[in-house]
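Dear colleague,

I am handing over the structure we spoke about, and below it I set out what was found, beginning with the pockets and ending with one helix.

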Amino acid sequence: RLVTARGHAMQAQPAGAMLAVRATESDLDLPACLDLAAINAPQACVVSGSTDAILDYEAACATRGLGTKRLRTSHAFHSRLMDGALADFRRAFDPVTLHPPRRRVVSNVTGTDLTAAEATSPDYWVRHLRSPVRFAEGVSKLKTHHFLLEVGPAHTLTHLARQAGATAVASLPRPNDPNPDESASLLRALGELWTLGAPIDWTAVFPDGT
């Protein structure tokens, strides 16, 4: 229910654009009309705002020699252009009871462990919609103690996590993979994790012993 409400609220906002920039947060030199949307790796940020502002900033980055790439998105997520969605999304929590997580969660809002108070606060999840995604900080929090497994299509998060120095494995083929065999991809990921030293419950993988 909340995911659906979040999506509806965001899609109802004005159109915008997002730009990936090969730079650190401190090197972005953002104009006042744009917002930092994500820090995905030490030198991989995303900027968000109106299409015209993004076009101007893209040209400025080219002048400075900073690599950029427009993201395939219809809106300027995690920017001020999402402010109109916040009240609607907040109201969606009225009939919902939130509970603390049973497993450890690292927050993309803070870059550190999600607290029980945050997890059970609708205001935290409203911030989650609007604040920059601090993915790189979260990876840094985990990378010394865990192997990271990307659960979902493509290898985007695996690639970004590796840029942040983490050991990461993708589980499914890329969308444009010429041989999109999902079963083989999952087994390959399992093998990679095993060779890295991850504990594998082989009886769960092969219950008949073959």
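**Two pockets and a helix**

The second largest pocket has a volume of about 410 Å³, and please keep in mind throughout that this is a predicted model. Its lining is made up of 17 residues, among which Met18, Ala38, Phe77, His78 and Val133 lie nearest the centre of the pocket. Two elements, helix H1 (2-11) and strand S2 (35-41), give two or more residues each to this lining, and S2 gives the most, with three residues. By class, the lining of the second largest pocket holds 10 nonpolar residues, six polar ones and one that is charged.

The largest pocket contains about 1,300 Å³ of space. Around the largest pocket stand 42 lining residues, and those nearest its centre are Phe135, Thr156, Leu157, Thr158 and Leu160. The elements that contribute two or more residues to the lining of the largest pocket are S1, S3, S4, helix H6 (135-142), strand S5 (148-150), helix H7 (156-163) and strand S6 (168-170). Among these contributors, H7 gives the most, with seven residues. When the lining of the largest pocket is divided by class, 23 residues are nonpolar, 12 are polar and seven are charged.

The other part of the model that I would like you to look at is helix H2, which runs over residues 51-64. At 1.5 Å a residue, its 14 residues should span 20 Å, and because the C-alpha atoms at its ends are 20 Å apart, the expected and the computed span agree.

Which residues of H2 are buried? They are Ala53, Ile54, Tyr57 and Cys61, and because these four cover an arc of only 95° around the axis, they lie on the same side of H2. On the other side of H2, by contrast, Asp52, Asp56, Ala62 and Thr63 are exposed.

What do the buried residues of H2 pack against? Their partners are three strands, namely S1 (17-21), S3 (44-49) and S4 (68-70), and these three strands also appear among the elements that give two or more residues to the lining of the largest pocket. After H2 comes Gly65, which has a positive phi, near 80°.

With kind regards

Methods:
Residues are numbered from 1 along each chain as its sequence is written. This is a predicted model: local features need pLDDT of at least 70, side-chain atom pairs count only at pLDDT 80 or more; totals for chains, interfaces and linings use all residues. Side-chain values use heavy atoms; hydrogens and water are left out. The expected span of a helix is 1.5 Å times one less than its number of residues. Buried means under 20% relative accessible area, exposed over 50%, partly exposed in between (1.4 Å probe, protein chains only). The arc is that of the directions from the helix axis to the C-beta atoms. Contact means heavy atoms within 4.5 Å. On a 1 Å grid over the protein atoms alone, a cavity is a set of points where a 1.4 Å probe fits but cannot get out, and a pocket is an open set with protein on both sides within 12 Å along at least five of seven lines; lining residues have an atom within 4 Å of a point. Grid points are joined across faces, edges and corners, and a volume is the space filled by probe spheres set on the points. Ala, Val, Leu, Ile, Met, Phe, Trp, Tyr, Cys and Pro count as nonpolar, Asp, Glu, Lys and Arg as charged, and the others, Gly among them, as polar.
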